[in-house]
Structures are given as structure tokens and as C-alpha cells.
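Please open the structure in a viewer and keep the selection tool at hand. The tour below proceeds from one selection to the next.

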Amino acid sequence: MNNIIADSELIINDRGAIYHLNVRPEELASTIITVGDPDRVKEISKYFDQVEVIQQHREFVTHTGFIGKKRISVVSTGIGPDNIDIVLNELDALANIDFSSRTIKPQLHSLNIIRIGTCGSLQDDIPVDAAIVSTHGLGIDNLLNYYLQENNEEERELIQQFMQQTQIDHQFSKPYISSAGSALLKNFVKGFYHGITVTCPGFYGPQGRVLRLGLQYPNFVDMLTNFSYGSHRIGNFEMETSAIYGLGKLLGHQCLSISAVVANRVSHTFSKDGKAAVENTIQKALDIISNF
């Protein structure tokens, strides 16, 4: 018999919605776009032919609607892996837990979860305003180390090489890695750069930025830029991808991260119109998402 999930573990509010997202199971589509910025949700849903659900709780805004016959939800996550832990677990609960019985459904449902966000490029030839797709999410944020992880042979080799080349495992929490969802990745080839994305637990020191505080590891950006293994290199870094890929893979979902490059940390350039770069990435992504 399926175990009943306690009230303290699965928190359902008085309208039958999951606690943080304030969304009911029927209000969520099977294809979900995540964005960090709550204000970016409407910048995506403005392209919908119809919006049927609008919900908000704290920084978590959800719009569900249609482009043609394709039902899509857009969910804001806020910044950082800790918020992704909330969002990914609650999206999965909406899809795969029966709220009335508080038990896991016998037939599990795989979601398509696509992040559209911003990032900093770590390669000179990946310019600002470009769009990059993450082949892997490599986390130095520690989130997935709280979960039982499973890696394939390629992932094990990549993380081993990363630790050997950077010695980063002696400096930070143990790094982890997860691959993009192959069923999604194959749709995002032409017009996109590709590379490993490193997910950091902060924006300043964890991404090698110096304002008033000195850094424990001042060559951190160079370490990431110089990493290579076979055809693999690190293309960019940001603050959510590895958590999405890691949790999504463990939960059986297809995940992909698409980022507009607003900064190039090698050439020390910043986009002159980051909003336009994000808008172009949204339009390119929606054209693909609405047709698969």
C-alpha cells in the first residue's frame, strides 16, 4: 500500500493548492517554462493566445495558457538553487501526487521543464546577446548533495575531470553534474551555442566578482574557462541550471536551460540591451516549444 504523505511534508493550502506555488494540479500544464524574474512571466504569457490561470504567492508567479493548441505554464522561481528545490519538488508533486489521498500516483507523469534565463559567458567566442543551451548543469552549490544521486558514465567522467583539473572539490562543496533532457535538447540546435553550465550559489564572490571583498580563490573564472574534456567545455555560469537538471532527472522529467548571454566574463563586456537579448531568446524558444 502506498504510504500517505504527512501534512507537514506536503503542505496544501485552503484552496487545494500546493503551498509555495499556490497552484492546483489542474492549473499546471505538462510543458513548463521557468524564469527567475516574476516580471518575466508576463513577458512570456503575452505571446499566449489565451491565458486561463494566473496565480501568485511570494516570488512565485504562474500563468497557464495556450499557444494554438499547446498548453504551457510559465512559473517564476526567484533566484538561486534553494528556490529551485522548492519549485521542482512542487511541480513534481502537482503532477505525480494525488492530493486527495496524499499518495504517489501509480502512473508517473514526465514534465517538460524549460528554463529561460540570463547568464554570463565564460568563453570569448560566446558573445553577449547570444543564446546558449546547457548540455549539462554542473553544480557547485551543494543542493543535490542532499539527495541520492545517479550519474551515467559520461557524467561521472566529466565530474571527475572537473575535480582533477580545477581541484575545486578541495575548496567548495563536492560538485555534481546532470545532463540536459535529450528529448528537449535535440530541438534546440540551430541558432544556439552549446556548453556545460556551472551553477553558483551566489552572484558576487561565487562568480568571481570583486567589489569591496577579496576572494579566497581569485582565479576562479579562469579555472572554469580553461576546463575541457574531449569536446566538452564550460560555456557559461548562472544560478539555477544544475539544480533544475539534477532534481528533474531524479524525478523523471525532461529539463532544458536556455540562457541569454548578458555578460562576457572573458572580454569583460556587458549587453547594451539585455532586455532585447532576453526578448529574442524568448521568441526563439517559444517558436520551438509551441511546435513540439
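Select Cys255 to begin; in this predicted model, Cys255 is buried, with a relative accessibility of 2%. Its sulfur lies 18 Å from the closest cysteine sulfur, which belongs to Cys119, and that is too far for a bond. Move next to Cys119, which is also buried, at a relative accessible area of 4%. For the sulfur of Cys119, the closest cysteine sulfur is in Cys200, at 11 Å, again too far for a bond. A disulfide requires two cysteine sulfur atoms within 2.5 Å, and the structure holds zero disulfides.

**The hairpin of β2 and β3**

Select residues 50-57, strand β2, together with residues 60-67, strand β3. In which sense do β2 and β3 pair, parallel or antiparallel? The pairing is antiparallel and runs over seven bridges. Within it, Ile54 stands opposite His63 of β3. The two strands form a hairpin with two residues between them. Select Arg58 in the turn to find a positive phi of about 55°.

**The nonpolar cores**

In soluble globular proteins, nonpolar side chains tend to be buried together. Here the largest nonpolar core has 54 residues. Select Leu21, Ile33, Ile44, Leu91, Phe188 and Leu256, the residues with the most contacts inside that core. Then display the surroundings of Leu21: beyond its sequence neighbours up to four places away, Leu21 touches Phe60, Thr62, Val75, Val87, Glu90, Leu91 and Leu94. A second, separate core has 18 residues, including Ile140, Val198, Met223 and Phe227.

**Asn96 in helix α2**

Select residues 81-96, helix α2, and then Asn96 within the helix. Is Asn96 buried or exposed? Asn96 is buried, with a relative accessible area of 3%. Leaving aside residues up to four places away in sequence, its contacts include Thr103, Ile104 and Lys105, as well as His109 and His253.

**Phe192 and the aromatic pairs**

Select Phe192, in the loop between α4 (182-185) and β10 (193-199). Phe192 is buried, at 9% relative accessibility. Which residues does Phe192 touch, not counting those up to four places away in sequence? They are Ala131, Val133, Ile258, Lys284 and Ile288. For a sense of distance, add Asn22 to the selection: the C-alpha atoms of Phe192 and Asn22 are separated by 34 Å, with their positions 170 residues apart along the chain.

The structure holds three aromatic pairs. One of them joins Phe188 and Phe192, whose ring centres are 5.7 Å apart and whose planes meet at 70°, so the pair is edge-to-face. Phe188 is buried, with a relative accessible area of 0%. Select Phe203 and Tyr204 for another pair: the ring centres are 4.9 Å apart and the planes stand at 80°, so this pair is edge-to-face. Phe203 is partly exposed, at 39% relative accessibility, and Tyr204 is partly exposed, at 43%.

**Helix α7**

Finally, select residues 274-289, helix α7. How far does α7 reach from its first C-alpha to its last? The helix has 16 residues and reaches 22 Å, close to the 22 Å expected at 1.5 Å a residue. Colour its buried residues, among them Ala277, Val278, Glu279, Thr281 and Ile282. Continue along the helix to Ala285, Leu286, Ile288 and Ile289, which are also buried. Of these, Ile288 has already appeared among the contacts of Phe192.

Methods: Residues are numbered from 1 along each chain as its sequence is written. Side-chain values use heavy atoms; hydrogens and water are left out. Buried means under 20% relative accessible area, exposed over 50%, partly exposed in between (1.4 Å probe, protein chains only). Helices (H or I, at least four residues) and strands (E, at least two) are DSSP runs, numbered from the N terminus. Contact means heavy atoms within 4.5 Å. Two strands pair if DSSP finds at least two bridges between them. A nonpolar core is a set of buried Ala, Val, Leu, Ile, Met, Phe, Trp, Tyr and Cys residues joined through side-chain atoms within 4.5 Å. The expected span of a helix is 1.5 Å times one less than its number of residues. Rings of Phe, Tyr and Trp (its six-membered ring) pair if their centres lie within 6.5 Å; planes under 30 degrees apart count as stacked, over 60 as edge-to-face and the rest as tilted.
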